[in-house]
Amino acid sequence: MIEFRSVTKQFPDGTTAVDNVSLVFPSRKTTVLVGSSGSGKTTMLRMINRMVDPTSGSIEIDGERVSTLDPVKLRRSIGYVMQNSGLLPHRTVVDNIATVPVLRGIKKKEARQRSLRLMDTVGLERALAERYPGQLSGGQQQRVGVARGLAADPNILLMDEPFGAVDPIVRAELQTELVRLQRELDKTIVFVTHDIDEAFLIGDQIVIFRPGGIVAQIGSPADILANPVDAFVASFVGVDRGKRSLHLEGTPETPVVVDSEGRVAGVLAAGSNPLLIAEAVPQPGAGAPAQGAAT
Amino acid sequence: MNQLFATFAWLLDPAHYAGPDAIQVRVGEQVEYTLLTLLLASIIALPAGLAIGHTGRGRTLGVQIPAVLRALPTLGLVILLALMVGLGLLAPLIALVILAIPPILAGAYSGLESVDRETVDAARALGMTGWQVLWKVEIPLSLSLITGGLRSAALQAVATWTIAAILPLGGLGRYIFDALPVQDYPKMLAGSMLVIALALVTDALFALLQKVVTPPGVRAGRASLVRAKTTHSHARAALFRHASFIRNER
């Protein structure tokens with residue numbers, strides 16, 4: 001469990017990136033920090049592994065204050081996946097993945113063996129092991145980034161807009177695979193994104209930030225869709241635009257789900273009974289899967 | 001044309017390949033002086049340049065001091081130092097080290113600065129210490145530019161050591177300074193041509209070295225190759241500016 005207690009971060013130039021945030025990241029769950037750029041979400045993430053130190057307040061991992069831990073040791077114990085993968089361009093894929101285990105003193109040969117197995121886990125062909133990052137596609141690079149983040153088998157995985165720089169098709173693929181991976185691995189994931197749909201797909205807990213590093217709302221995707229606390233959140237998640245108020249059209253035999261602008265959002269999954277939910281439109285919480293089906 | 005033929009005749013004369021004034025001896029001396037200069041200048045400029053590039057601190061100082069050093073006329077400096085420390089090797093050595101420091105320093109810090117900030121940030125986030133970031137990431141990725149600085153310094157040193165023959169020292173300048181009073185133009189011209197040839201060979205060797213030290217991933221990567229090229233041309237432009245500055249000053 002990671003706990004933020006009244007954490008504030010002010011940068012030397014006077015901007016407040018994070019403003020008095022208290023927050024709990026439950027263990028083995030995915031918490032998504034979401035907000036527009038400049039809302040302090042990346043700073044939040046970077047304070048967990050001490051890439052940034054807070055101006056005031058405290059951060060604890062399983063009851064231990066991170067400020068008392070050695071930053072280098074702390075970072076080696078936490079997985080980190082960043083936008084544009086951040087791979088070392090002069091090292092091969094397998095050596096990139098093995099970076100942290102080797103830093104922690106594991107023999108190179110053993111670390112490379114483990115790297116190869118991790119390549120299987122994240123869906124990379126072993127044939128790519130000796131390639132350099134510059135020879136891979138953006139999606140492959142991100143997979144290497146995820147494998148590297150998992151290499152030291154950390155309890156915590158920090159992901160900073162990891163899928164921000166790949167095209168929408170590859171992004172959707174990577175997102176579903178992350179959800180699958182998380183079911184297998186059960187890590188405590190902190191995921192930063194500005195894409196609310198990505199947040200709803202991946203997150204167990206969503207934290208919405210307002211500009212200026214202030215938390216607007218914390219809750220499950222269903223909570224937030226059903227009860228947005230204010231107009232800002234409603235607009236951010238798209239409830240106010242009717243994007244998420246879905247209703248059924250067509251005949252009872254062949255129903256389709258349509259959004260408020262008349263755009264077809266998807267179809268009902270096989271076996272679901274339209275009569276049971278037809279009256280319940282808009283069905284909050286059902287928004288996320290239907291949205292996912294439309295993209 | 002006669003002078004040119006006479007020059008080639010001089011260069012081919014077997015008599016000029018024997019004794020203490022033999023061509024290979026003089027070339028050897030020039031190379032030896034140059035290597036000594038590069039070694040001393042590197043000992044001073046490489047750590048300083050790497051420190052500036054790694055920490056990002058002291059950059060103003062790192063730019064200004066070499067700018068001042070560049071403004072010193074080397075020939076004048078040699079004579080001044082000779083008056084101060086005597087007629088030995090020390091006076092021209094100091095002057096040439098001063099000449100060689102700026103390009104090595106610039107190559108080192110601009111090399112480190114050319115490394116993608118995101119890559120350095122990622123290395124730190126993985127848990128590398130400052131030294132590990134320097135040795136495992138920053139230096140390997142900027143080795144080509146660091147070598148470029150050495151290349152520029154070597155070129156200037158190998159050419160400029162010629163003037164040290166104004167003192168009773170060896171090197172290829174010997175031919176020029178000895179031939180000047182007796183107006184032996186073929187010998188002067190031969191000395192100049194040897195300096196030019198040696199400079200070209202030096203440059204070619206360093207160009208090869210630069211290729212060898214470029215990490216394979218940076219060469220292989222399409223995207224990163226483009227990036228490396230642009231940063232390269234930046235740094236090379238800087239080095240060229242610096243070189244032409246030296247030429248103008250001379």
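# A tour of the two-chain model

Select Asn20 of chain A to begin: with 15 other C-beta atoms within 10 Å, Asn20(A) is partly exposed. Please keep in mind throughout that this is a predicted model. Asn20(A) belongs to strand S2 of chain A, residues 16–25. Display its backbone angles and you will find a positive phi of about 50°, although Asn20(A) is not a glycine. Most residues other than glycine have a negative phi.

**Stop 2: Ser6(A)**

Move to strand S1 of chain A (residues 2–10) and pick out Ser6(A). Its phi is near 35°, again a positive value in a residue other than glycine. Is Ser6(A) buried or exposed? Ser6(A) has 12 C-beta neighbours inside 10 Å, so it counts as exposed.

**Stop 3: strand S3 of chain A**

Now select residues 30–34 of chain A, which form strand S3. Five of the five residues in S3(A) are buried, so this strand is largely enclosed by the rest of the structure. Look along the strand to see the two faces: Thr30(A), Val32(A) and Val34(A) point one way, while Thr31(A) and Leu33(A) point the other way.

Which strands pair with S3(A)? One is strand S8 of chain A (residues 188–193), joined to S3(A) in the parallel sense over five bridges. Another is S9(A), where the pairing with S3(A) is also parallel and runs over four bridges. Val32(A) is a handy residue to centre on here: it stands opposite Phe191(A) in S8(A), and in S9(A) its bridge partner is Ile206(A).

**Stop 4: the S9–S10 hairpin**

Follow S9(A), residues 205–210, into strand S10 of chain A, residues 214–219. These two strands pair in the antiparallel sense over five bridges. Arg210(A) has Ile214(A) in S10(A) as its bridge partner. S9(A) and S10(A) form a hairpin with three residues between them. Click on Gly212(A) in the turn, which has a positive phi of about 95°.

**Stop 5: chain A as a whole**

Zoom out and colour chain A by domain: domain 1 covers 2–236 and domain 2 covers 247–294. Taken over C-alpha atoms, the centres of these two domains of chain A are 33 Å apart.

Then switch to colouring by confidence. Chain A has a mean pLDDT of 87, with 90% of its residues at 70 or more. Residues 280–295 of chain A are a place for caution, as the pLDDT there is below 50. In the model this stretch still has 31 contacts beyond near neighbours in sequence. Where pLDDT is low, the predicted coordinates should not be read in detail.

**Stop 6: where the chains meet**

Show both chains together. On the chain A side 20 residues are in contact with 24 residues of chain B. Helix H2 (71–76), strand S6 (78–82) and helix H4 (99–103) of chain A each supply at least two residues of the side that touches chain B. By class, that side of chain A has 10 nonpolar, seven polar and three charged residues.

Cross over to helix H6 of chain B (residues 117–126), where the buried residues are Thr119(B), Val120(B), Ala122(B), Ala123(B), Ala125(B) and Leu126(B). What covers the buried residues of H6(B)? The cover includes H2, S6 and H4 of chain A, together with helix H7 (130–160) of chain B. Just after H6(B), look for Gly127(B), which takes a positive phi of about 105°.

**Stop 7: the nonpolar core**

Select Ala147(A) and Ala100(B). Of the 127 residues in the largest nonpolar core, these two touch the most other members. Helix H5 of chain B (residues 90–114) gives the most to this core, with 15 residues. Not counting residues up to four places away in sequence, Ala147(A) touches Ile97(A), Leu118(A), Met119(A), Thr121(A), Val122(A) and Leu124(A).

**Stop 8: chain B**

Finish with chain B alone, whose secondary structure comes to 11 helices and zero strands. Of its 250 residues, 42% are buried. Among contacts in chain B between residues at least 6 apart in sequence, 75% join residues at least 24 apart.

For a last close-up, centre on Ala82(B) in helix H4 of chain B (residues 74–85). Why does Ala82(B) count as buried? Ala82(B) is buried because 20 other C-beta atoms lie within 10 Å, and 20 or more is the cut-off for that class. Leaving aside neighbours within four places in sequence, Ala82(B) is in contact with Leu87(B), Ala91(B) and Leu167(B). You can also draw a distance from Ala82(B) to Ala95(B): they are 13 residues apart in sequence and 9.9 Å apart in space, C-alpha to C-alpha.

Technical notes:
Residues numbered from 1 in each chain as written. Chains lettered and ligands numbered in written order. Predicted model: local features only at pLDDT ≥ 70, side-chain atom pairs only at ≥ 80, totals over all residues. Contact = placed C-beta atoms within 7 Å. Nonpolar A, V, L, I, M, F, W, Y, C, P; charged D, E, K, R; others polar. pLDDT = per-residue confidence, 0-100. Domains from an automatic or database assignment. Pairing = 2+ DSSP bridges. Core = buried A, V, L, I, M, F, W, Y, C linked by C-beta atoms within 7 Å.
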